[in-house]
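Subject: Handing over the structure, with notes on what was found

Dear colleague,

I am passing a structure on to you, and I would be glad if you could look through it with these notes beside you. Please open it first and then read on, turning back to it whenever a residue is named.

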Amino acid sequence: MKILLLGSGAREHALARALASDPATTELVIAPGNPGTANVGTNLHIDPSAPEEVVDLAAQMEADLVVVGPEAPLVAGVADAVREAGVPCFGPGAQAARLEGSKAFAKEVMAAAGVPTAASVACSTPEDLRAALDRFGAPYVVKEDGLAAGKGVVVTSDRDAALEHGLACLAREGGCVVVEDYLDGPEASVFCVSDGATVRALAPAQDFKRLGDGDEGPNTGGMGAYTPVGWAPADLAERVVREVAQPVVDEMARRGTRFIGLLYCGLALTREGLRVVEFNVRFGDPETQAVLARLTSSLPQLLHAAATGHLGGVPEPTWSNQAAVDVVLAAPGYPGTVTTGGRVTGVEAAEALEGVHVLHAGTSRDEEGNLVASGGRVLSVVAVGADVAAARARVYEAVARIHLDGAQYRRDIAAGR
């Protein structure tokens, strides 16, 4: 099949790599893509959040499937426009994408569906915010209601810091902030593919949100991930389908808003049981990079079946017995003011190691053709191994071969797992 993939990050490079390697894929176009995706498909520079541009490109290439990577195009209604043009699309419409676009809406849907999550309150005024902080107490959990690229959440015992973040969110146009109870327990991510009725879970993963070792520093879009999650219950994926994803998909259908695409379930495994921390409506970054490294069944078949309403007719995804660890290499200054333009070297040397591949995120080519950093998260370095410890040793050996002046990366991804 001919596939159009939207996006330009390491998540999209991971998706492109899995799609391109499958015999079901006859043509792969990535828009806009990056220097890494250019090695597995054809990059075309369009605005992935402009519905008319995406529809035109899908028509020109006679696409059999459009896969939407990032959240912004989904909230902009790209999936709606593609489906209206008669092209199967993996990704929810704008209304369904509100599960990520508005945390308050997600809480409302979870309540209606009976899905376990933290108690919360949505605040639209400074007075509401202060009252909510006093109600829930420390540790304070303050979340920007809308999209924030994974960086809109503050968890702190410092009330002043929590208030400052909340007020900054309220100051934005249409500002709303969600304050919620702190969930005490390890976190895991489970991706659930849906065609609007049937749900299939992918292998659980764990990601590392904070910038520094030991979970210190500010929240980021994610600094690494690993899978499988050996400490989690063996039936975690099945439980998430039964207790979380299927009830939410059913509730969305009841509201006349079918959820077609990927429901990312961010979970806390608390003493009281499973709780939802957040939903995203697309493949998570950086977990996707690790999860897809273990997938042994057909990704194009799975995504096409979901996009066309035939997910119940394809088998459950299958997985390698190996483990995968992903370490993110970030530019100086990330997640604040990022310094770009630094030359990146050593990617080929890293990929010369058995079981290692490097996925591009914030990279570009300069006038001489050199690879340079052009964004906050620059590369995802992925390694597979017999177990998590072996994959972890291999990925850090690979990271050591890559050079970017001032680069940041965590040295404790998957440590002790």
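What follows is a walk through some of its features, from aromatic rings to helix packing and the backbone.

Before anything else, please keep in mind that this is a predicted model.

**Aromatic rings**

A search of the whole structure turned up five aromatic pairs. One of them brings together Phe191 and Tyr264, whose ring centres are 5.4 Å apart and whose planes make an angle of 35 degrees, so the pair is classed as tilted, the class for angles that are neither under 30 nor over 60 degrees. This pair connects distant parts of the chain, since Phe191 belongs to strand 10 (residues 187–195) and Tyr264 to strand 16 (residues 260–270), with their positions 73 residues apart in the numbering. Is Phe191 buried or exposed? With a relative accessibility of 2%, Phe191 counts as buried, and Tyr264, also at 2%, counts as buried.

Phe191 takes part in another pair as well, with Phe283, and here the geometry is edge-to-face, with 5.9 Å from centre to centre and 90 degrees between the planes. This pair, too, links distant parts of the chain, because Phe191 is in strand 10 while Phe283 is in the loop between strand 17 (273–280) and helix 10 (287–291), 92 residues apart. Phe191 and Phe283 are both buried. If you would like to see how these rings belong together, look for the single aromatic cluster formed by Phe90, Phe191, Tyr264 and Phe283.

Two arginines are also worth finding in the viewer. Arg98 lies over the face of Phe105, at 4.1 Å from the ring centre, and Arg411 lies over the face of Tyr409, at 4.2 Å from the ring centre.

**Helix packing**

When two helices pack, the arrangement is described by the angle between their axes and the distance between those axes. Helix 7 (residues 126–136) and helix 8 (residues 159–171) have axes 10 Å apart and pack at an angle of about 150 degrees. Because angles over 145 degrees count as roughly antiparallel, helix 7 is described as roughly antiparallel to helix 8. The crossing of helix 7 and helix 8 is right-handed. Which residues of helix 7 and helix 8 meet? On the helix 7 side they are Pro126, Leu129, Arg130, Leu133 and Asp134, and on the helix 8 side they are Arg159, Ala162, Leu163, Gly166, Leu167 and Leu170.

Another arrangement is found between helix 1 (residues 10–20) and helix 11 (residues 299–307), whose axes come within 8 Å and cross at roughly 105 degrees. Since angles from 65 to 115 degrees count as roughly perpendicular, helix 1 and helix 11 are roughly perpendicular to each other. In this contact, Leu15, Ala18 and Leu19 of helix 1 meet Leu299, Pro300 and Leu303 of helix 11.

**A buried alanine**

Ala31 is a residue of strand 2 (residues 27–32). Its relative accessible area is 0%, and Ala31 is therefore buried, the limit for that word being under 20%. If residues up to four places away in sequence are left aside, Ala31 touches Leu4, Leu5, Leu6, Gly7, Leu44, Ile46, Pro48 and Leu57.

**Backbone points**

Most residues other than glycine have a negative phi, and most peptide bonds are trans. With that in mind, please look at four places along the chain.

- Ala138 and Pro139 are joined by a cis peptide bond, with omega about -10 degrees, and Pro139 is in the loop between helix 7 and strand 7 (140–144).
- Thr227 and Pro228 are likewise joined by a cis peptide bond, with omega about 5 degrees, and Pro228 is in the loop between strand 15 (224–227) and helix 9 (236–254).
- Glu62 has a positive phi, near 55 degrees, and sits in the loop between helix 2 (51–60) and strand 4 (65–68); at 56% relative accessibility, Glu62 counts as exposed.
- Ala414 has a positive phi, near 65 degrees, and lies in the segment after helix 13 (388–399); with a relative accessible area of 2%, Ala414 is buried.

With best wishes

Definitions and conventions. Residues are numbered from 1 along each chain as its sequence is written. This is a predicted model: local features need pLDDT of at least 70, side-chain atom pairs count only at pLDDT 80 or more; totals for chains, interfaces and linings use all residues. Side-chain values use heavy atoms; hydrogens and water are left out. Rings of Phe, Tyr and Trp (its six-membered ring) pair if their centres lie within 6.5 Å; planes under 30 degrees apart count as stacked, over 60 as edge-to-face and the rest as tilted. Helices (H or I, at least four residues) and strands (E, at least two) are DSSP runs, numbered from the N terminus. Buried means under 20% relative accessible area, exposed over 50%, partly exposed in between (1.4 Å probe, protein chains only). A charge sits over a ring if NZ of Lys or CZ of Arg is within 6 Å of the ring centre and within 35 degrees of the ring normal. Axes are lines fitted to C-alpha atoms, for helices over the stretch in contact, and angles run from 0 to 180 degrees between N-to-C directions. Angles under 35 degrees count as roughly parallel, over 145 as roughly antiparallel, 65 to 115 as roughly perpendicular and the rest as oblique. A crossing is left-handed if the near helix is turned anticlockwise from the far one by less than a right angle, and right-handed if clockwise. Contact means heavy atoms within 4.5 Å.
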